[in-house]
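Subject: Structure for you, with notes on salt bridges and a helix pair

Hello,

Here is the structure we talked about. My notes follow below it.

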Amino acid sequence: MHALLAFLVFWLCIPLASGQVKNGSITKLESEAIRAAKKTHQWTSDRAATVESLCSDGIELVATEPMLWERWEAALFALAGSVLARDERHADGSPETRVVDAAVGALRASIGRARQVELAEAVLPSSSTPPGTRRAIAKLFLHNPPPVAKLSLSLAARDPDRHLAMLCLEALAGWNDDLVHAVFVEEIARALAAGLSEEDRDERLALVERHLSQVEVPASSNASRHLRELILDGLRGTHPERIGLATAWTRAMSHEAALDILTAALETWHVRGAAPPTDEDPRVLIAWEMETRFGVSLGLDPEPWRLWWSEVQAGRRPSPPDRGQRGTAVGSFFGIKTKSKRVVFVLDRSGSMSSPYFEHGGMGTGAAPVPPQRGKPLGSGPGRGVAEHAPSVRRWDEAKNQLFQFLAKSPPDMQFDVVLFHSTAQAFRGKLVPVSGRQIAELKQWLTQQAPEGGTHLKAGVELALGEPILAAPRGPRTKVPAAESCRQEMVLLCDGATAEGSGWVAGFVRDVAKPRGVVLHAVQVGGGSDGALEELARLSGGDFIKVGL
């Protein structure tokens, strides 16, 4: 009898114990959220790892225990909101960023479409919703938002809460809709008006460029008419940065409309009698945009461009590439495709580049990373999808493999150089040279003499690629470059961790040097470590950013 009672007690206690175990993940998440709400709370790597594990466990839990959903959602929003509400910028890979990514990722993985609609229609627009929660919802909508979120995101993009507004603009970027187009065109006027900080202005304009590079604004819309006015105003001005921005905004127009505006701008500057072309000559910026878009190089005179277009319309010349097919290089570097025919690769040669390419094993070249999206600061490619038990390669070897694949598939009129940085920096040629069998063979020989060692001085590599130091100097280009060297170029940066210089120099460099000179910087982050420098260089210059080797 006693044995039977003991068995019954044991049997009845199993569900209770099981429920306690199941509830445990959410209870612990709630405890983490309570701790995080304290103003003095500081996240550590260990605590972030705990949150990541709890979020992973919780996704499976709520799938089988729907009664726990409300507690689960509240805990996740509280965790993400506690970090996002602090108005602090955190580097990618920091404990704070990991907590937000884990919480928002868990919400995205488990939340239903009906609940997303409710969040979009009732929670995000409400001023009574805590700021951190509104920001977390906007971050949730960075990927595949429900269509009904368009209106609430558009309204929140005008919110006085700058952090919320920027997240909403990022979520809207690339959304092909007249209302969204109007939001971004309005952002141009806002960014160019007085009263914004330089950081705020640069971030808004970078998001505008990203959006307009992915969509085509209907010519009949009010947004198109306003955009045309802003473009013409910029092209007629004398500020190189404004001219460069205005040329980029034409990407949202049809080929014919863009050609009409850009050739008219070339003619305006031709009549003004500009001096021999330099890197700050507006004609160089305008011609580069046309060359990139239309796939032909016809110089700085507007007439050859007009003649070429008349032949295209008559069917005597091939049509320019459609959106999404533009770009010069056929090959790619970790999924990044350049548009210019002048590219400098700035590659990390520090000691950590001898580490395995994949942090958890896996082979290198042969399994391409997911292609990045134009200008997205956080990238979109995890660089995974390879055999789990394939032999590992070093980061340094994979970088070389990707470089040679890119060069092998590049057109013969492509020009390139390679700069390596570690404790110092060194260049292959020190100038742009044509892609040829001889140059590639000599590059391979040169790289066999290089090995990973030393520190991670990214800034030194960028300085060498530019041919001048990056100093706190007045705005504008610091050296006059001959016309033959002045055509717009792109840099492709690769780095696998925090840099020696940090990210403090980036905003000023992009504003004062890269933008006026028309230099676009793409960035590849190998592994999970970062101090934010790569992301900022790509985001502010309008380039691509991607993470690989995770």
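R306 and E267 form a salt bridge, with 2.9 Å between their closest N and O atoms. A salt bridge here is a side-chain nitrogen of Lys or Arg within 4 Å of a carboxyl oxygen of Asp or Glu. The pair links distant parts of the chain: R306 is in helix α15 (residues 302–313), E267 is in helix α13 (residues 255–271), and they are 39 residues apart. Helices are DSSP runs of H or I, at least four residues, numbered from the N terminus. R306 counts as partly exposed because its relative accessibility is 28%. E267, at 35%, also counts as partly exposed. The cut-offs: buried is under 20% relative accessible area, exposed is over 50%, and partly exposed is in between (1.4 Å probe, protein chains only).

Before you read on: this is a predicted model, where local features need pLDDT of at least 70, side-chain atom pairs count only at pLDDT 80 or more, and totals for chains, interfaces and linings use all residues. Residues are numbered from 1 along each chain as its sequence is written, and side-chain values use heavy atoms, leaving out hydrogens and water.

The structure holds 34 salt bridges. Two further ones are worth a look.

E209 and K515 pair through their side chains (3.4 Å, N to O). E209 lies in helix α10 (residues 198–214) and K515 in helix α19 (residues 506–517), so this salt bridge ties together parts 306 residues apart in sequence. Both residues, E209 and K515, are buried.

E186 and R190 form a salt bridge at 3.3 Å, N to O. Both sit in helix α9 (residues 178–192), four residues apart, about one turn of the helix. E186 is partly exposed at 30% relative accessibility. R190 is partly exposed at 28%. Salt bridges that share partners join these two into one network, whose members include R158, R162, E187 and D200.

Now the helix pair. The axes of α4 (residues 95–110) and α6 (residues 131–140) come within 10 Å and cross at roughly 65°. Axes are lines fitted to C-alpha atoms over the stretch in contact, with angles from 0 to 180 degrees between N-to-C directions. The crossing is right-handed, meaning the near helix is turned clockwise from the far one by less than a right angle.

Which residues of α4 meet α6? They are V100, D101, V104, L107 and R108, and their partners in α6 are A136, K139 and L140. Contact means heavy atoms within 4.5 Å. The residues of this contact divide into five nonpolar, no polar and three charged.

Best wishes

Conventions
Helix = DSSP H or I, 4+ residues; strand = E, 2+ residues; numbered from the N terminus. Nonpolar A, V, L, I, M, F, W, Y, C, P; charged D, E, K, R; others polar.
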